[in-house]
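Here is a short report for a reader new to this structure. Please keep the model in view while reading.

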Amino acid sequence: MAANAAEHAIYEITPEDRARADLYALVGGLLLSAPSQDVLQSLAGLGGGEGDLGSAINALSQVAQAVEVSSVEREFNVVFIGVGRGEVLPYASYYLTGFLHEKPLADLRSSLRALGVQRRDGVVEPEDHLGTLCEIMSGLITGAFSEPASLAQQKEFFNAHLASWAAHCFQDLETAESAVLYAPIGSLGRALMAIEQEAFRIE
């Protein structure tokens with residue numbers, strides 16, 4: 001019984017971890033699809049604190065209050081899809097090699113198999129999409145795939161698949177020509193990456 005209790009304590013999710021997971025899930029979902037009216041209303045009600053993260057949340061809330069669903073859908077298509085290609089290609093393979101479906105994707109798939117994470121039916125994006133990686137980080141923290149991953153496992157996944165390129169991608173999103181709502185989303189993602197990288201460095 002004592003061993004089971006100790007094992008449970010190792011994987012206990014703290015309020016801070018829950019907040020991290022929620023941020024990853026929020027950013028990931030916004031990168032994968034344009035927000036609905038309900039999501040926009042939720043974003044409009046957000047309130048951030050101080051620092052880069054809080055400033056990004058406040059900016060996102062202010063923009064969400066002013067935009068329409070139809071304009072955000074057009075923005076999403078221009079920024080991520082475009083005619084031929086979007087302004088931002090949020091894939092690890094592209095940022096690390098200049099091409100899609102390259103070794104970073106294969107390495108990621110190997111990591112996901114080891115973690116027991118399976119691709120959802122109907123998903124067309126390759127797994128190295130930044131939105132998918134954010135959702136995976138959220139799932140690792142909360143235990144959505146099996147049990148909550150240890151901090152060491154989270155750090156290993158982050159360093160292997162996000163640390164070297166995600167902040168650069170978020171910065172490109174911040175400055176994308178057509179980004180309105182997605183500019184503060186880029187700021188939010190970049191701030192999250194900086195916080196995570198520093199926390200994992202200290203750990």
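The second largest pocket of this predicted model is lined by Glu16, Ala19, Arg20, Leu23, Leu53, Leu151, Leu192, Ile195, Glu196, Ala199, Phe200 and Glu203. About 210 Å³ of space lies inside that pocket. Helices α2 and α11 each supply at least two residues of its lining. The most comes from α11, with five residues. By type, the lining holds eight nonpolar residues, four charged ones and no polar ones.

The largest pocket has a volume of about 400 Å³. Its lining counts 18 residues. Nearest its centre lie Gln118, Arg120, Thr132, Glu135 and Ile136. Here α2 and α8 each give at least two lining residues. The largest share, four residues, belongs to α8.

The table sets out the two pockets.

| Pocket | Volume | Nonpolar lining residues | Polar lining residues | Charged lining residues |
|---|---|---|---|---|
| Largest pocket | about 400 Å³ | nine | four | five |
| Second largest pocket | about 210 Å³ | eight | no | four |

**Helix α8**

How many of the 13 residues of α8 are buried? Eleven are, and the helix is mostly covered. The buried residues are Leu130, Gly131, Thr132, Leu133, Cys134, Ile136, Met137, Ser138, Gly139, Leu140 and Ile141. Two of the residues near the centre of the largest pocket, Thr132 and Ile136, are thus on the list of buried ones. The buried residues of α8 pack against α2 (15-32), α7, α9 (151-161), α10 (166-174) and α11 (182-202).

Helix α8 covers residues 130-142. From its first C-alpha to its last, α8 reaches 19 Å. That is close to the 18 Å expected at 1.5 Å a residue. Just after α8 comes Gly143, with a positive phi of about 85 degrees.

**Aromatic pairs**

The structure holds six aromatic pairs. One of them joins Phe76 and Phe80, with ring centres 5.0 Å apart. Their planes stand at 55 degrees, so the pair is tilted. Both residues lie in helix α5 (residues 69-81). They are four residues apart, about one turn of the helix. Both Phe76 and Phe80 are buried.

Another pair is made by Tyr94 and Tyr95, whose ring centres are 5.8 Å apart. Here the planes meet at 85 degrees, so the pair is edge-to-face. Is Tyr95 buried or exposed? Tyr95 is buried, because its relative accessible area of 19% is under the 20% cut-off. Tyr94 counts as partly exposed, at 26% relative accessibility.

Ring pairs also build a cluster: they link Phe76, Phe80 and Tyr182.

**Two further residues**

His101 sits in the loop between α6 (92-97) and α7 (103-115). Its phi is near 60 degrees, a positive value in a residue other than glycine. His101 is exposed, because its relative accessible area of 53% is over the 50% cut-off.

Ala160 belongs to helix α9. With a relative accessible area of 48%, Ala160 is partly exposed. Ala160 and Ser111 are 49 residues apart in sequence. In space, their C-alpha atoms are 9.1 Å apart.

Key
Residues numbered from 1 in each chain as written. Predicted model: local features only at pLDDT ≥ 70, side-chain atom pairs only at ≥ 80, totals over all residues. Heavy atoms only, no water. Buried < 20%, exposed > 50% of the residue type's maximum accessible area, 1.4 Å probe, protein only. Expected span 1.5 Å × (residues − 1). Contact = heavy atoms within 4.5 Å. 1 Å grid on protein atoms, 1.4 Å probe; cavity = no way out; pocket = protein on both sides within 12 Å on 5 of 7 lines; lining within 4 Å. Points joined across faces, edges and corners; volume = space filled by probe spheres on them. Nonpolar A, V, L, I, M, F, W, Y, C, P; charged D, E, K, R; others polar. Phe/Tyr/Trp six-rings, centres within 6.5 Å; stacked < 30°, edge-to-face > 60°.
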